[in-house]
2 protein chains.
Amino acid sequence: MLPKNYQLIYEIVEESGLGHHLTPSEIYALARRRRPGLGLTTVYRGLERLRDLGLVSELNVPGADAAAYEPSGPRHAHFRCKRCGTIEDVAFAIPARTLRKLAAAHGFTIDAERITFGGRCSACSA
Amino acid sequence: MLPKNYQLIYEIVEESGLGHHLTPSEIYALARRRRPGLGLTTVYRGLERLRDLGLVSELNVPGADAAAYEPSGPRHAHFRCKRCGTIEDVAFAIPARTLRKLAAAHGFTIDAERITFGGRCSACSA
DNA sequence: GACTCTACTGGGAATGACTTTCATTTTCAA
DNA sequence: TTGAAAATGAAAGTCATTCCCAGTAGAGTC
Ligand SMILES: [Mn+2]
Ligand SMILES: [Mn+2]
Ligand SMILES: [Zn+2]
Ligand SMILES: [Zn+2]
């Protein structure tokens, strides 16, 4: 049975939607509006649990100063603008067949794939 | 003209070879063997400069507690074992044509691509 | 209800990678 | 030679994340 606080944390990430990416501090701020006494530590613990359960995905974008979380969903890549820091979803994933080949060739097993692009977003290109 | 210290830092990364990935602390330790007075700050500054010059590439592997550096070379992906933490090169890169398509579709420009796989290495699978 | 054992909680301290600051030294072109 | 700009290292600062620990809430049992 998922503790009430973790449930709340999940709802916040879940309601943020698939294109959004929240940091623990942002989640903390949102959660405290509904449960003022909540501690930041609990947010970190909750996110860890939800990650282990596969309910949320952690995003480690180079250049960002904090991890970001999103509800688990279809595999996709991310783009981060080096100028303004915005993070966008990119509909791209490496085909399962390719992953299988790579794993076989190298002798390891792959259970996670992280793809991040860096550059200038359309707004910052002008 | 590249300062002498930065030159030394570059040599250390360069000599480590293409499959190796050194953290700033490791580079610091190696550099101090040849130049005992060197400061860690200078190592960070040197790596930043070398990165700007395109001579070294920074690696931000999720799960690792520090950035890693390698000499710039052919684009490739990385694999990190979740059990033992080893990082391996993986000969895989997204075709330039695909990158161009993605950039065009989203309206941004891509100048960096970071691909990391996570899982179990062959040693840790047994 | 009362009891018990465990999981959960939150505040504060600790950690550790990285950055900033600043006074001093080195470089190098004029 | 000389003066401005770049480089240097020690020390202090920042900040996300983790650790610690003494309470508390919950689920299950009687
Ligand atoms: Mn996403
Ligand atoms: Mn590599
Ligand atoms: Zn932008
Ligand atoms: Zn391993």
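A polar contact is a pair of N or O atoms within 3.5 Å. With that cut-off in hand, the protein–DNA contacts of this predicted model can be followed one strand at a time, beginning with DNA strand C. A polar backbone atom of A:G39 lies 3.2 Å from a phosphate oxygen of DNA strand C, and a polar backbone atom of A:G37 is 3.4 Å from a phosphate oxygen of that strand. A:T41 offers an approach of another kind: an N or O atom in its side chain is 3.5 Å from a base oxygen of DNA strand C.

The elements that give two or more residues to the surface near DNA strand C are helix 1 (4–16) and helix 3 of chain A, together with helix 3 of chain B. Among these elements, helix 3 of chain A gives the most, with four residues. In total, 18 residues surround DNA strand C, and the closest are A:N5, A:Y6, A:T42, A:R45 and B:Y44. Of the atoms of DNA strand C that come within 4 Å of the protein, 62% belong to sugar and phosphate. By class, the surface near this strand consists of seven nonpolar, six polar and five charged residues.

DNA strand D may be described in similar terms. It is surrounded by 18 residues, of which A:Y44, B:N5, B:Y6, B:T42 and B:R45 are the closest. At least two residues of the surface near DNA strand D come from each of helix 3 (40–52) of chain A, helix 1 (4–16) of chain B and helix 3 (40–52) of chain B. The largest share, four residues, is that of helix 3 of chain B. Sugar or phosphate accounts for 67% of the atoms of DNA strand D within 4 Å of the protein, and bases supply the rest. The surface near DNA strand D is made up of seven nonpolar, six polar and five charged residues.

Individual approaches to the phosphates of DNA strand D involve both chains. In chain B, an N or O atom in the side chain of B:T42 is 2.4 Å from a phosphate oxygen, while a polar backbone atom of B:G37 is 3.3 Å from a phosphate oxygen. From chain A, a backbone N or O atom of A:A67 lies 3.0 Å from a phosphate oxygen of DNA strand D.

The two protein chains also contact each other, and 31 residues of chain B meet 31 residues of chain A. B:F108, B:R114 and B:F117 lose the most area to chain A within chain B, together 21% of what that side buries. Between them, the chains bury about 2,400 Å², with 61% of this area on carbon and sulfur atoms.

Across this interface there are eleven residue pairs in polar contact. On the side of chain B that touches chain A, at least two residues come from each of strand 4 (87–90), helix 4 (96–106), strand 5 (109–120) and helix 5 (122–125). Strand 5 of chain B supplies the largest share of that side, twelve residues. That side of chain B comprises 14 nonpolar, ten polar and seven charged residues. The interface also holds two salt bridges; A:D111 forms a salt bridge with B:K82, with the closest N and O atoms 2.7 Å apart.

The strands numbered 5 pair across the interface. Strand 5 (residues 109–120) of chain A runs antiparallel to strand 5 of chain B, and eleven bridges join them. Within this pairing, A:F117 stands opposite B:E113.

Notes
Residues are numbered from 1 along each chain as its sequence is written. Chains are lettered from A and ligands numbered from 1 in the order in which they are written. This is a predicted model: local features need pLDDT of at least 70, side-chain atom pairs count only at pLDDT 80 or more; totals for chains, interfaces and linings use all residues. Side-chain values use heavy atoms; hydrogens and water are left out. A residue is near a molecule or strand if one of its heavy atoms lies within 4 Å of it. A polar contact is a pair of N or O atoms within 3.5 Å; within protein, one must be able to donate a hydrogen and the other to accept it, and residues adjacent in sequence count only if both atoms are side-chain atoms. Ala, Val, Leu, Ile, Met, Phe, Trp, Tyr, Cys and Pro count as nonpolar, Asp, Glu, Lys and Arg as charged, and the others, Gly among them, as polar. Contact means heavy atoms within 4.5 Å. Buried area is the accessible area (1.4 Å probe) that two parts lose on being put together, summed over both. A salt bridge is a side-chain nitrogen of Lys or Arg within 4 Å of a carboxyl oxygen of Asp or Glu. Two strands pair if DSSP finds at least two bridges between them.
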